[in-house]
Amino acid sequence: ISGQLKVAPEHTSDKVLSLMRKSSHKVYEEFSEEYKKINSELNKKQFLVPYYIAGHPGATLEDALSVALYLKKTKFVPDQVQDFYPTPGSLSTCMYYTELDPRTMEKIHVAKGANERKLQRALLQFNKPENRKLVIEALTKIGRLDLKNKLLN
């Protein structure tokens with residue numbers, strides 16, 4: 001490892017991760033702890049760099065807030081966050097257009113408007129000064145303005 005191991009937990013919501021066909025977030029957390037432990041035992045200074053996605057089908061503003069609070073708690077500041085964009089032939093794209101979980105045929109939330117997608121991304125990058133107004137808008141929209149100081153200070 002060159003000093004940084006890039007991994008893709010992509011989200012913290014087990015509901016969203018399930019739609020992505022990924023393991024629960026607990027698996028990522030266990031891996032992260034094991035990685036730190038091994039590096040400590042080897043006296044190596046190597047970092048785990050997680051990658052997150054905003055606006056995946058099934059993800060709500062509340063789910064994005066969950067990621068933001070996790071990032072704040074772990075003191076990880078993501079340089080980059082990927083926005084979900086539908087791509088031909090993927091299961092996620094099917095969910096995006098149908099607004100259904102193909103396994104259960106239950107309706108799922110899909111952030112289709114540019115504004116909600118922008119708000120989800122801003123929550124994941126709450127630390128950027130240019131996102132401050134969007135974070136406040138998102139928190140207001142979901143009735144969690146009580147978390148403003150926790151995220152923005």
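Buried means under 20% relative accessible area, exposed means over 50%, and partly exposed is in between. I keep these cut-offs at the top of the page. The model I am reading is predicted.

**Entry 1. Salt bridges**

I searched the whole structure for salt bridges and found nine. I then looked at some of them one by one.

I began with Glu-10, which forms a salt bridge with Lys-22; their closest N and O atoms are 3.2 Å apart. Glu-10 belongs to strand β1 (residues 4–10), while Lys-22 is in the loop between α1 (14–19) and α2 (25–41), so this pair ties together parts that are 12 residues apart in sequence. Are the two partners buried or exposed? Glu-10 has a relative accessible area of 16% and is therefore buried, as this is under 20%. Lys-22 comes out at 29%, so I entered Lys-22 as partly exposed.

My next pair was Lys-26 and Glu-30, a salt bridge with 3.8 Å between the closest N and O atoms. Where do the two residues stand in helix α2? They are four residues apart there, so about one helical turn separates them. An α-helix has 3.6 residues a turn, so residues three or four places apart point the same way. Lys-26 is exposed, because its relative accessible area of 53% is over 50%. For Glu-30 I noted 45%, which means partly exposed.

I then turned to Glu-99 and Lys-112, whose side chains meet in a salt bridge at 3.2 Å, N to O. This pair links distant parts of the chain, 13 residues apart: Glu-99 sits in the loop between α4 (91–98) and β4 (100–101), and Lys-112 in the loop between β5 (106–107) and α5 (114–124). Lys-112 is partly exposed, with 35% relative accessibility. Which residues are linked with Glu-99 and Lys-112 in a network of salt bridges? I found Lys-107 as the further member of that network.

**Entry 2. Aromatic rings**

A pair of aromatic rings is described by the distance of the centres and the angle of the planes. I searched the whole structure and got three aromatic pairs. One of them is Phe-31 with Tyr-35, a stacked pair with 6.2 Å from centre to centre and 25° between the planes. Both residues are in helix α2, four residues apart, so they are separated by about one helical turn. Is Tyr-35 buried or exposed? Tyr-35 counts as buried because its relative accessibility is 9%. Phe-31 is partly exposed at 38%.

Tyr-96 and Tyr-97 make an edge-to-face pair, with centres 5.0 Å apart and an angle of 90° between the planes. Tyr-96 is buried at 11% relative accessibility, whereas Tyr-97 is exposed at 57%. I also recorded that Phe-84 joins Tyr-96 and Tyr-97 in one aromatic cluster.

**Entry 3. Charges over rings**

Which residue lies over the face of Tyr-96? I found Lys-112 there, at 5.1 Å from the ring centre. Lys-112 is thus in my notes twice, since it also meets Glu-99 in a salt bridge. I noted a second case as well: the charged end of Arg-117 sits over the ring of Tyr-85, 5.1 Å from the centre.

**Entry 4. Helix α3**

I checked the length of helix α3 (residues 61–74). Its 14 residues should span 20 Å at 1.5 Å a residue, and the C-alpha atoms at its ends are 20 Å apart, so the two values agree. Which residues of α3 are buried? My list holds Leu-61, Asp-63, Ala-64, Leu-65, Val-67, Ala-68, Tyr-70 and Leu-71. The elements that cover these buried residues include α1, α2, β2 (47–54), α5, α6 and α7. Just after α3, I noted that Lys-75 takes a positive phi of about 60°.

**Entry 5. Leu-145**

Last, I looked up Leu-145, which is in the loop between α6 (132–141) and α7 (148–152). Its relative accessibility is 43%, so Leu-145 counts as partly exposed. What does Leu-145 touch, not counting residues up to four places away in sequence? Leaving those out, I found contacts with Ile-136, Leu-139 and Thr-140. I also took the separation between Leu-145 and Asp-14, which are 131 residues apart along the chain: their C-alpha atoms are 24 Å apart.

Key:
Residues numbered from 1 in each chain as written. Predicted model: local features only at pLDDT ≥ 70, side-chain atom pairs only at ≥ 80, totals over all residues. Heavy atoms only, no water. Salt bridge = Lys/Arg side-chain N within 4 Å of Asp/Glu carboxyl O. Buried < 20%, exposed > 50% of the residue type's maximum accessible area, 1.4 Å probe, protein only. Phe/Tyr/Trp six-rings, centres within 6.5 Å; stacked < 30°, edge-to-face > 60°. Lys NZ or Arg CZ within 6 Å of the ring centre and 35° of its normal. Contact = heavy atoms within 4.5 Å. Expected span 1.5 Å × (residues − 1).
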